[in-house]
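Me: Please take a close look at one strand in this structure and at what lies around it. I am new to the structure, so please explain each term as it comes up.

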Amino acid sequence: MRFIQKMNAKSQLQNAIDAALHGVDFSGVAPETLQVAKATNPQFGDYQWNGALPLAKALKMKPRDIAADVLGRLDVSDIAEMPEIAGAGFLNFRIKTSWLENALNEAQNDARLGVESARETGKFVVDFSSPNVAKPMHVGHIRSTIIGDAIVRLLRFKGHQVVTDNHIGDWGTAFGKIIVGWKSDLDEKNLASDPIGEMERLYKLINERAKSDASVEDLARSETALLQSGDEENLKIWERVRDLSQEQFDRIYALLGIEFDVALGESFYNPRLPALVDELLAEGVARESEGAVAIFSDGKAEPKDDPFLINRDGQWTDFPAIIRKRDGAATYATTDLATLEHRLKEWAPDEVIYVVDARQQGHFRQVFAAFKRWKPEEEMRFSHVSFGTILGDDGKPLKTRSGENVKLQELLDEAQSRALAIVTEKNSAYDDQTAQNIARAVGIGAVKYADLSQNRATDYLFSWDKMLATQGNAAPYLQIAYTRVRSIFRKAQSEGIEMENAPIHLIEPSEIALGKQISRFSEAIDAALVDYRPNALCDYLYELAGSFAAFYRDCPVTQAGAEVRNSRLALCALTARVLQTGLGLLGIETLEQM
RNA sequence: GUGCCUGUAGCUCAGCUGGAUAGAGCGUCUGACUACGGAUCAGAAGGUCGGAGGUUCGAAUCCUUCCAGGCACACCA
């Protein structure tokens, strides 16, 4: 028995099509071309099936004949009007209002708004955010953090098991320099008032000295070695640095409303690395080369698809993944392999998702391929959910005027203060605390939505005006749409109208259109998860707000007669819940008033 | 040089598992304020989908090639 989603017209129609195709030989046709799709144009109805065309090619028949044949065996009478055969052989479906009313009435009595869990739920580990210790979080971290969090929320909503792991950069050669600085130049007062700033100052200071003085470089290296061998004093400094950094992360994550299940930093895997390299050597996955240990091509893939080959001057040459440097230290490829090993052992996930910058694509291709060579029997899948860069007005990666990375805390503070200015300008009646709270939800929501509403593959231009706009595809517009719905209920209440879950009965065209859009919530969530593209859900919510605006214009609610009024109140309540739930899946808050 | 990503309206972006007339927002122009939130809504103008070939009944979408921009290219993460 196929999985049927009650409120999902698309999946129900698909089901009917599949049944009608039973017995038809479509082996020569790609299955995805036989899918029901949303109509490309409202004049063609709500959904369309174009499968007759590819099928006709494979079976050497006329498309319209196939469409007619399918139509003859098709029973969609519960869902849609009898479809028409249009154009070359398209089947166009118009959803019946009776089906829609049923679906909406079920949705309003369902905590999940009619969105069913995934057919097969799985276990996922999602790796995102990954800030570095002793450094301020900056713009470079927002996309990973925000997109990663949204993906996690979406997966969980669909019933999947998810472990979130923040792979913090808390190890590496930079620590030697911080320790050198900590011992010689620590300013306790500074550390107390601005710990991150002080730690960053120490690193920069020593880094600068090391450039001109080789002995400083050597000192840093020996401090690193001491730390790694468990020197008590250095370990204490390192722990202090880590704790102070974690306080910063916690503050920012609290502001963003993001939580992690675990935060196993790079240091967690450190003890495992030497043996891991030996194991890969012993198993023949890696070999020695020029004093280092590295993984080379196994020659099984096409050169251009082989992550361990690179073309240089017309020649395909080795591009190995170094897992032990000449000086004996491991690299981040080694750590990433150890991380995958640990995740497999600890959680046995179906898929590990890395939400990381597109620039690291080459690295991840190597790590994933190396892991497969190491443990070929494992079926764990890997996804690198990559994303582009945030650009400034000049079209170059966003920086401050002095060329520094924009600090995340400062960016979020500015978002809130800009939001506060807008809130107080539009409505000065709020007390301080209320205004601050609205500004927080609006400012943070704007930053998140700006990131999520864009196709993650592309770079995007950072614009305060665009993200804080009360019109267009921006968070404040959607938050306002929510408050406008809620204000209907305030109005109703003030007029003593009783609210109840009345049966929804759709009359006006814009009322039906709103209902249809609500019924597509489930489709939007699925679309957002296909390639991990939250912008699909953003587009849906924006269209929902638009549908509501049309309804709001055409259909009086509180002034209507009791029966129509109650139905419309129920439709409004459902709209609000979908907006709130949908924005919630993006990690964005809604407000009763703003 | 090789690989990956990107090129769609004046600007910012959707659409890219091929489907019937390419969509939004901003900006421009024109309307709707005795208002269930005008922090809003409606309408108009605006495109040889970077160029050229090809596959197909059908291409913004797939293939080839060229042009432009970004990124990455062993012992930093």
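Reply: Strand S5 (residues 123–127) runs parallel to S12, and four bridges join the two; strands count as paired if DSSP finds at least two bridges between them. Helices (H or I, at least four residues) and strands (E, at least two) are DSSP runs, numbered from the N terminus. The model is a predicted one, in which local features need pLDDT of at least 70 and side-chain atom pairs count only at pLDDT 80 or more, while totals for chains, interfaces and linings use all residues. Residues are numbered from 1 along each chain as its sequence is written, chains are lettered from A and ligands numbered from 1 in the order in which they are written, and side-chain values use heavy atoms, with hydrogens and water left out.

Between S5 and S12, Val 126 has Ile 353 as its bridge partner. S12 also pairs with strand S13 (residues 381–385), again in the parallel sense, over five bridges. There, Val 355 is bridged to Val 385.

How far is S12 covered? Five of the five residues of S12 (residues 351–355) are buried, so the strand is largely enclosed by the rest of the structure. Buried means under 20% relative accessible area, exposed means over 50%, and partly exposed lies in between (1.4 Å probe, protein chains only). In a regular strand the side chains alternate between the two faces of the sheet. Both faces of S12 are covered: Glu 351, Ile 353 and Val 355 are buried on one side, and Val 352 and Tyr 354 are buried on the other.

For the wider setting, the domain assignment of chain A, with bounds from an automatic or database assignment, gives domain 1 (9–95), domain 2 (123–169 + 269–385), domain 3 (174–264) and domain 4 (475–585). The centres of domain 3 and domain 4, taken over C-alpha atoms, are 50 Å apart.

Helix H5 (residues 142–157) is another mostly covered element, with 14 of its 16 residues buried. The expected span of a helix is 1.5 Å times one less than its number of residues. For the 16 residues of H5 this gives 22 Å, which agrees with the 22 Å between its end C-alpha atoms. Gly 159, just after H5, takes a positive phi of about 90°.
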